[in-house]
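This note is written for a reader who is new to structural models. Please keep the sequence and the structure in view while working through the numbered points.

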Amino acid sequence: MADTQEKFLQSKIDFLKENNSRKHHPNKRRISEERPPTRTKVKQTKKQNKRCEKKTPLNEAGEKFFLKVKTDCMVYHVERKLGSHDPARCTKCQRKHGKLIRNAFLKNNIRKLTKDMTDQKIDEHLLKHNTVSLIANLAAGLPRPTESPTKIWEALLAGGNCAK
């Protein structure tokens with residue numbers, strides 16, 4: 001894939017060179033031969049000369065094509081650099097991956113521990129509050145059948161507990 005991109009870019013560059021050469025355009029000068037006017041009425045410093053330099057522009061289609069080639073070259077080089085990144089060898093990527101794995105491990109273990117604790121509490125509650133134990137607690141609070149009925153009535157009227 002890289003070879004085809006390089007061939008494509010080389011063909012674009014060759015095309016640009018052909019368009020800017022004198023063979024195809026005898027009336028136009030090459031881009032590299034373009035120079036700003038050298039003589040002016042006012043003397044200028046070197047910095048001012050650099051600011052005033054203006055190259056003759058390409059025709060509109062040539063300029064667009066030239067910019068397209070430049071952007072394609074930039075995209076190609078960026079993709080080439082990004083494509084060469086190997087996370088298995090990159091220490092930053094390995095550290096980040098290790099942190100992510102550790103955090104996932106901790107989250108899973110915390111989730112398991114809380115689930116186990118809630119399951120244990122539910123089991124204890126079900127064991128303590130099942131129907132048989134509830135009936136047994138109720139029966140423990142009732143008076144014994146061997147007690148005399150007068151004592152039972154006295155305890156009920158007094159508001160106390162009849163069980164001994």
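**Notes on the structure**

1. The structure contains zero disulfides. Cysteine 93 takes part in no disulfide, and the nearest cysteine sulfur, that of cysteine 90, is 3.6 Å away. Because a disulfide requires the two sulfur atoms to be within 2.5 Å, the distance of 3.6 Å between the sulfurs of cysteine 93 and cysteine 90 does not qualify. Cysteine 93 counts as partly exposed, because its relative accessibility is 28%.

2. The reader should bear in mind that this is a predicted model. The pLDDT of the chain averages 76, and 71% of the residues score at least 70. Over residues 22-34, however, the pLDDT is below 50; this stretch nevertheless has 14 contacts in the model beyond near neighbours in sequence. Where pLDDT is low, the predicted coordinates should not be read in detail.

3. Confidence also varies among the elements of the chain. Helix α4, which covers residues 91-128, has the highest mean pLDDT, at 95. The lowest mean pLDDT, 52, belongs to helix α2, covering residues 46-52.

4. What secondary structure does the chain have? There are six helices and zero strands. Read along the sequence, the pattern is accordingly α-α-α-α-α-α.

5. The next point concerns burial, surface and contacts. Of the 164 residues in the chain, 9% are buried. The chain exposes about 15,500 Å², and carbon and sulfur atoms supply 60% of that area. Among contacts between residues at least 6 apart in sequence, 38% join residues at least 24 apart.

6. How many salt bridges does a search of the whole structure find? The search finds two. Each is described in its own point below.

7. One salt bridge joins the side chains of lysine 68 and aspartate 72, with an N to O distance of 3.4 Å. Lysine 68 and aspartate 72 are four residues apart in helix α3, so about one helical turn separates them. Lysine 68 counts as partly exposed because its relative accessibility is 44%. Aspartate 72 has a relative accessible area of 18% and is therefore buried.

8. Another salt bridge is formed by lysine 115 with aspartate 119, whose closest N and O atoms are 3.9 Å apart. These residues, lysine 115 and aspartate 119, lie four residues apart in helix α4, which means that they are separated by about one helical turn. Is lysine 115 buried or exposed? With a relative accessibility of 53%, lysine 115 counts as exposed. Aspartate 119, at 33%, counts as partly exposed.

9. Helix α3 spans residues 60-83 and includes lysine 70. The relative accessibility of lysine 70 is 42%, so this residue counts as partly exposed. Although lysine 70 and lysine 12 are 58 residues apart in sequence, their C-alpha atoms are 9.9 Å apart in space.

10. A nonpolar patch on the surface is formed by Phe105, Leu106 and Ile110, which together have about 310 Å² of accessible area. Isoleucine 110 lies in helix α4. Its classification follows from a cut-off: a residue counts as exposed when its relative accessible area is over 50%. Isoleucine 110 has 53% relative accessibility and therefore counts as exposed.

Definitions and conventions. Residues numbered from 1 in each chain as written. Predicted model: local features only at pLDDT ≥ 70, side-chain atom pairs only at ≥ 80, totals over all residues. Heavy atoms only, no water. pLDDT = per-residue confidence, 0-100. Helix = DSSP H or I, 4+ residues; strand = E, 2+ residues; numbered from the N terminus. Contact = heavy atoms within 4.5 Å. Buried < 20%, exposed > 50% of the residue type's maximum accessible area, 1.4 Å probe, protein only. Areas by Shrake-Rupley, 256 points an atom, 1.4 Å probe, with all protein chains shown as cover. Patch = residues over 30% accessible without salt bridge, like charges linked within 9 Å, V, L, I, M, F, W, Y side chains within 5 Å. Salt bridge = Lys/Arg side-chain N within 4 Å of Asp/Glu carboxyl O.
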